[in-house]
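Colleague: Before we discuss this one, please put it on the screen. I want to ask what lies behind some of the terms.

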Amino acid sequence: MKEILMVFLALLLAGGISSAGAQESAPPPDTGTLVVTPAPAPPAPVTNLNAKDKPNDHGAGVVVTWTPSADDVVGSTRVFGYAILRAATPEGPFLERGKVPIGEGVFEDQGSLDEVSPDYMADHVDYYYKVRVISPDTTVYADSEIFGPVQCFGQWFNTNKLPVLIFVLCFTTLAIFFITHARRGAELYIRPLAGIEAVDEAIGRATEMGRPILYVLGLGTAAEIATIASFTILGRVAKKVAEYQTGIIVPCYDPIVMTVAQETVKASYLDAGRPDAYNEDMVYFVTQSQFAYVAAVNGTMLRELPATNIYMGKFFAESLILAETGALAGSIQIAGTDEVAQIPFFVVACDYTLIGEELYAASAYLGREPVLLGSLKAQDYAKAAIMIMAVIGFVAAIVGWDWYVNLFNVPSN
Amino acid sequence: MKRQIPLALVFIFGVILIIQYFVPHEKSEWIFEFLMDWIYIIGIFALALGIWSLIRVSWDKIRLRRENWQYSVVALLGLTAMIFFGFDYFRNFFNAAGLQNFMFRHFFDYVMIPIQSTMFSLLAFFIASASYRAFRARSLLASLLLLAALIVMIRFNPYFGPLTAYLEQTASWLLNVPNLAAKRAIVIGVGLGIVATALKVILGIERAYLGKD
């Protein structure tokens, strides 16, 4: 009995130890089978890789295109994006030039023409490209075949601007035709503009009142067409001012504009036969600070009380401050600007306003010279042509003539 | 000859810049930048002429004791002080360190900028007075203008939030259809005017800017 009890106890102890050991440590692996987590298969590489010089640029640009990976489909998580790699030789080393997200099949490799730039990309040098399909696991990817060589170079004509060139050539031809026509003595009818008609009246009023005329050329530089148009009008106004022996005040925002304006006024006084009446201080520089300029001109308006204020050129936020002060001072005001946002302010605060292109037409109206009127006539015909084309475009958009709409498409590059 | 040389220069450089617009090549860009640099060079010399003009006109006012001549004294003092501090007491004549000068910055930040902001803020009051004149309903067109302005103003007023569901569409239509159409018409006209004027200047037809009709 005692032996039986001892065996039972020994079995019990052995079983307890065995079960405790099973709880504390994992069973030993089966050395006969090795468990390895399978590495994810790389995604399918891109196909149809192509690279060519970027068109219509100054150089240092290559456009790389490809057909996306077969695994780049909706719902798939195998493709994370594409990396574009470039090398100077097919053997490499390939350097990453950029990444694009899934679904994309085009990349513009835009380098720099600056030789000291780290992004320097020489023209007429061979480059090789490949596209790497990136998966969520960065160690798993698929490279395409290498494409190359490809060279980049600058173009001598931007074909995107062909519609602009055609338009400019047509308009130039039209303008030269009408100028020639006018030179031969043809009578050209031009619609009268109230703002222009008012200039003579305004100068006459200033003469009667014995007060000067204030001419503001705006905030534009001498390189802007609106300022050049304003110089032309200033020349005509100054000539009449000299003839009527009235004073003129021209405060300038830009020193180059001041220099040109001084020459313009001086020559107008000379043309009018009154060089003695010209004083260089009629045209003076104030400041190149926008609101300091406004303060100075407003002060002049309120101190000198000019009979007429003429604003012609480029104007910005100061337009209404100037025009309202002039209205408060009781001056007749004539304004003209091509800044669309400022036109309503001038319309409200001035007696006469030249809207947009009328600013450019003003000199021709004032001079009544046939050659200048000829260019105005060309503008009128061009506007008529644009209106007809706009109506056709309206119809084209409705009926889906995309080719017609695309004729006028000028990409920004 | 005095007129022919400037006219020839205008023609040559005008044509070069027209061609440059259509040529994206690096050499074309270089020519453009080179010519643009000349604007800065001429501008610097012209600035000297401008400052001289300002000094002469102000000095004449002070000398002849014209009305409000005291303002000219302030103008000349301001000009002198800013040049003096801007050159950092002439120690940093050839670099821009003077722009960080303590007095220069304080005059600029605490005198110049507040004065400019004051001038700019006047715009709000002038808009109010101009609007009052513009929106007087004296005719059918003026009444339509007033109505359109009211709709657009209410649309952008945060206090009329609950009312704006329908007004928002109306205001957007006013801005995006009739307003934009008129703007585009003006812009097209301006574009034609710019081309015509540039053509006249390049061909020497328009030469009043040279001081001759």
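Modeller: The crossing of helix 3 of chain B and helix 4 of chain B is left-handed. This is a predicted model, in which local features need pLDDT of at least 70, side-chain atom pairs count only at pLDDT 80 or more, and totals for chains, interfaces and linings use all residues. Residues are numbered from 1 along each chain as its sequence is written, and chains are lettered from A and ligands numbered from 1 in the order in which they are written.

Colleague: What makes the crossing of helix 3 and helix 4 of chain B left-handed?

Modeller: The term applies if the near helix is turned anticlockwise from the far one by less than a right angle; clockwise would be right-handed.

Colleague: Why is helix 3 of chain B called oblique to helix 4 of chain B?

Modeller: Helix 3 (residues 69-86) and helix 4 (residues 102-134) of chain B pack at about 140 degrees, with axes 8 Å apart. Angles under 35 degrees count as roughly parallel, over 145 as roughly antiparallel, 65 to 115 as roughly perpendicular and the rest as oblique. The angle therefore makes helix 3 of chain B oblique to helix 4 of chain B.

Colleague: Which residues meet there, helix 3 against helix 4 of chain B?

Modeller: A81(B), M82(B), F85(B) and G86(B) of helix 3 meet M103(B), F104(B) and F107(B) of helix 4, a contact being C-beta atoms, placed from the backbone, within 7 Å. By class, six are nonpolar, one is polar and none is charged.

Colleague: How confident is the predictor in chain A?

Modeller: Chain A averages a pLDDT (confidence in each residue, from 0 to 100) of 85, and 90% of the residues score at least 70. Over residues 5-27 of chain A, pLDDT stays under 50.

How values were computed:
Axes fitted to C-alpha atoms, helices over the stretch in contact; angles between N-to-C directions. Helix = DSSP H or I, 4+ residues; strand = E, 2+ residues; numbered from the N terminus. Contact = placed C-beta atoms within 7 Å. Nonpolar A, V, L, I, M, F, W, Y, C, P; charged D, E, K, R; others polar.
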